[in-house]
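Work through the exercises below with the model at hand. Try each task before reading its solution.

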Amino acid sequence: DSTATSPWGHGRQAKWLLSLQVWLNVLQNGVNVSCLALAAKPYGRGVYQTAQTVSLIIDPLAAALGFRVLPGPVALIVATLAVTGSQGYILALSLDSVEPPMLEGGGAALIVLVTAVGRALTAYAKMSANVLLQVGEGAESRL
């Protein structure tokens, strides 16, 4: 039985992992792509470019970590909640872009940090969920 090697098994857990993937993709491809430019606009063009550059550098590193270091269910839930919170912050900033908070006092650095951490956690959680879905199908032979 291949499910004996996996704490996730099949069935309900696989559906949960696939639902997690859907939610993370909605956040990354919907909220982040749509709202980051508007949220960063009051802070200047450089803030948006820096946030995107840093997040694109961090993304493959976090995904590689997610391939090698597998979390448990609680860690995946915590990572997903942190991603939801960070993307919610970006969404809230984009709605309040006329009078953004901390315009003169560190708001730009906070956007870059929140974007980078959110992207890293998204990549890590997505890769971990992919690996956990494959564990029951012989993924023990990963590199």
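Three exercises follow, each with a worked solution.

This is a predicted model: local features need pLDDT of at least 70, side-chain atom pairs count only at pLDDT 80 or more, and totals for chains, interfaces and linings use all residues. Residues are numbered from 1 along each chain as its sequence is written, and side-chain values use heavy atoms, with hydrogens and water left out.

**Exercise 1. Describe the fold of the protein chain.**

Start with the elements. Helices (H or I, at least four residues) and strands (E, at least two) are DSSP runs, numbered from the N terminus. The protein chain has 4 helices and 0 strands. Along the sequence the pattern reads α-α-α-α.
Next, take burial. Buried means under 20% relative accessible area, exposed over 50%, partly exposed in between (1.4 Å probe, protein chains only). Of the 143 residues, 39% count as buried.

**Exercise 2. Follow helix H1 from end to end.**

Find its limits: H1 covers residues 12–40, which is 29 residues. Then take its span, 39 Å from first C-alpha to last. That is close to the 42 Å expected at 1.5 Å a residue (1.5 Å times one less than the number of residues).
Now look for a bend. H1 has a kink of about 40 degrees, centred on Asn 32. The bend at a residue is the angle between axes fitted to the seven residues ending there and the seven starting there.

**Exercise 3. Place Gly 72.**

Locate the loop: Gly 72 lies between helix H2 (45–68) and helix H3 (73–95). Check its cover: Gly 72 is partly exposed, at 33% relative accessible area. Finally, look across to Ser 128. The two C-alpha atoms are separated by 9.4 Å, with the residues 56 apart along the chain.
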